[in-house]
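Colleague: Got a minute to walk me through this one? I'd like to start with a helix pair and then zoom out.

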Amino acid sequence: MPGPSQRPPGRPLRRRPPSRFPFLAVSLAGVSVVLGAIGLQQVTAQPTEPITFVVDEGLPHGITQESVEAAAEGIALGHEPFTLHVVERELEWDEYSNGETGDADIMLSIGDDPEDPDLSLHDATRVAFAGEDYGDDYSTAATIRETFVNNRTLGHGPHSIIGAALTAADLKFDPGIRTPLLWAPLAALPMFIAILVMYRWIGRRRDERARYRAFGEAQLRLARAVLELETLQLRVEVAGSQHDPNLHATLQNDWKRVRDLTRDLARTEQSLVADLDRTSPPLKARTPEQLEADLQQFAADTLDLQRRADVLAQAAEVRSGHAGTRSVLDRLALPLLQSIDEVLAHHDRYPSEARALEAHRARLLAIAQEVADQHADEQAAGLVSRHSDLLQRWNAVEQEIRATALRMSRHVASPKTIPNATHVRTLNEAVDERSRARVSAATAGATDSFAGLRASLGLGHGVDLGPLQATERVLELIDRHAEHGQPAPPPPASAAAARIPYGLLVLVLPLLFSLGAGFVVSAQIEDSHIQYGRTLTGDRPLAGLQVYGDPAALAGPVAPRESEPQTQADSLDLEYVRERMAKSLEYSDEGALLPADVELTVALLPSERYIDYAPDPEYDHRIAIDYWDLLEAQQRVKQDVAAEFPEVLDPRTGDVALGQAILPVWILDDGTYAFDNFLTGEFSVGVSSRMGAYHFTGTEPTVRGTGDMADVSLGWWVAYELEDLGRAMEYNRLTVDNVSPAAVFWAVFLSAWTGILTVIMLGLAVVEAGRRRVGTAAVRRQLAGLRTDLEQLALGLDLSRLDMVAVFGLDSATGGRAEQADQRLYESALVTAWREVDVLERLPRREQRGEAWEARVRHVRHLVTTLTTQQADVARRADELLRSQRFG
């Protein structure tokens, strides 16, 4: 017969090669960190490369090489260096179509067609890119030209070139992707995969450790069976020689099945060890799936082998009449007697059945004591025949117990406790579970061998656990009846249905939320950086106010309100303008002050000295000014205002200095007035900047000081115009995210999905770890409490013997035999509980966790609770008996 593996007991299997999963997870985490660092650098990167300007001579609007370089100082920077060539002439075909721009990377023509001011549809042919056709970047070329025109409309000269250059740097010469909407998912996705890989690896490692541990336990069971095989054969031969041939043949067949199963499992073990050690030939090696299935089958087969061997050994012990018969029968009796004791606690409900059940209990205990008395007798002759008769009587008592318990069940059962077939099924399942838990608690988990032993001894009655299920059925019905007569709720339809909410939480809801977030963001992202409607943050009041010109030339407010200034000069007051701006915030959720400090010069200009105007043919309340005339007038206004207030202009560029602003007010012939665009140190930068975007605000201004609004002062209108200036300044310098809406959708979707799943995974891991830690700590405390309870039971053992044997035995119908057996069973169960607690406490700390360990603690707790209740009941009954004898 081939023996089991020659590996010494406890020696671990050969270590498997290191898994690639941790390396992969660490690598992915590293990739995530690198991508996050790159993304952070891209998103927060500031332009540092200078832009080079080449400016032709003789350009208008004060645009010269020197003035442009002065304006560019410290602000004309890009993420990539390039050269901008500024000319006035129209670009040639080879320049804007073939990209022949010489040494420049981009050419910009600031010239105009007098018949086409280039205000609505900006001429993209006035911008050329080196080596490219302007048509390939038509939108970029038109936007660069538009920025120049916007700034020129605002009265800028050199700064109009700077604005165009910065727009080109953003749209054309920025190779990076600056949006976190792309970098966030790029960095999050590898980290999520790394966490998923580690989560899977940890699970596989846990499963592998459990697999090896289960295989080691199965090996130990097989080794024990091999060592005891000859002893088992000897017991079977002794038992069979003293019985009839049929019984001898049955025992021999059972032993042969155990022997053959042992041999087969020994061969299986050798092949499994070779596969686990990876020493099997490649052609004979099992696949991972087959190996997993065979390991599970091997563990199940060794359990079956252990059960068969135990059952055969104990059956042979009883059949041969050996001294071990008493312990076998005690083991059979203990769970049933404990269950009967709990049923008898309700004796007042069913007195006649309770009296019968108590008599049956005493007879069963008396039979168990007969076995003890027989083996205490020196004359052992006839033990085998007497044991055969004893088993018949034991079987008869069990049948009576079962019949009595069934009668009690019929008394308890009602339509309220078992109204339909579904509850009948749940009742049977609950009774079966209670019975197995009772046996597990009393036998330290040997439920299967318990049922097999009963069947081997002919005590099955067609039911695995015999009368125990009948008494547990009574207890289950009593419990259900105690719950206000309400039946137990039916079980869930299926395990899959119970898992639906968990799957919905982990998979469906994050997916739906991520899809929704992607749709919402991608629908808004394309224009969110240029549209109105975002929250403004300007909080600076007007820094200063000065007036150029004579306010007396303006028509005064007609019937001004008492709370308003009475003259135009009074309204041009810094505090009044600030007050008006602050009050507007109280009535508008979309308003704000200025985003930066601005000192304003209100220039009151007689229109006949600067512009020619005519009534607007479409609107009675507007005037029309020629665009070219307006540009010329703005340059004259800057020079005239600077003559009185020189700080208004930057002497190096000729443009309005940063932090300064001029508001031209055209005074018409009748004293009414119209506002021009602000001439400020801020210049338009970025796509669709609101500064100077609408030329008609300057060429078609609204006339103030007349009509229904004639009583509104000039200072009131100045505050109103300043609000528009603050809004335009906040929406200036807006850049483009070079990402399509589709890319934004997937970026947001992946970011949200991976982020939510990562949080859920980490949260579930933390919760599960915390739950296990708390649950394990609670079970350890229960185990420590069980040790204390057992010590108390042991201290009261002598008193328990006196109560049971000396007190009850003197008044017993069985002559004290039942009470002696009852006490012996109590002490046997106490020893079993003590040994199990000792084993559980001695386990390594790493093994004091998990469902199997917690189940063993629950079984012991159940047994200790039963023993404590039994001891208290014996003490109470003994006290009542002594009291009745003492006082009659």
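**The helix pair**

Modeller: Sure. Val149, Arg152 and Thr153 in H4 meet Tyr627, Trp628, Leu631 and Gln634 in H20, where a contact means heavy atoms within 4.5 Å.

Colleague: How do the residues of that contact divide into nonpolar, polar and charged?

Modeller: There are 4 nonpolar, 2 polar and 1 charged. Ala, Val, Leu, Ile, Met, Phe, Trp, Tyr, Cys and Pro count as nonpolar, Asp, Glu, Lys and Arg as charged, and the others, Gly among them, as polar.

Colleague: And at what angle do H4 and H20 pack?

Modeller: About 60 degrees, with the axes of H4 (residues 138-153) and H20 (residues 627-644) 10 Å apart. That makes H4 oblique to H20.

Colleague: Which angles count as oblique?

Modeller: Whatever is left after under 35 degrees (roughly parallel), over 145 (roughly antiparallel) and 65 to 115 (roughly perpendicular).

Colleague: OK, what sort of model is this?

Modeller: It's a predicted model: local features need pLDDT of at least 70, side-chain atom pairs count only at pLDDT 80 or more, and totals for chains, interfaces and linings use all residues. Residues are numbered from 1 along each chain as its sequence is written, and side-chain values use heavy atoms, with hydrogens and water left out.

Colleague: What does the protein chain average in pLDDT?

Modeller: The average is 78, and 80% of the residues score at least 70; pLDDT is the predictor's confidence in each residue, from 0 to 100. Among the elements, strand E4 (residues 83-87) has the highest mean, 96, and helix H16 (residues 495-525) the lowest, 63.

Colleague: Where does pLDDT stay under 50?

Modeller: Residues 1-15 are one such stretch, with 27 contacts beyond four places in sequence. Residues 376-383 are also under 50, with 6 such contacts. Where pLDDT is low, the predicted coordinates should not be read in detail.

Colleague: Switching topic: how many helices and strands are in the protein chain?

Modeller: 26 helices and 14 strands, taken as DSSP runs (H or I, at least four residues, for helices; E, at least two, for strands) numbered from the N terminus.

Colleague: Is His61 buried or partly exposed?

Modeller: Partly exposed, at 24% relative accessibility; buried is under 20% relative accessible area, exposed over 50% and partly exposed in between (1.4 Å probe, protein chains only). His61 lies in the loop between strand E2 (52-55) and helix H2 (65-72), and has a positive phi of about 65 degrees although it is not a glycine.

Colleague: And Arg410, buried or exposed?

Modeller: Exposed, at 59%. Arg410 is in helix H12 (residues 383-412).

Definitions and conventions: Axes fitted to C-alpha atoms, helices over the stretch in contact; angles between N-to-C directions.
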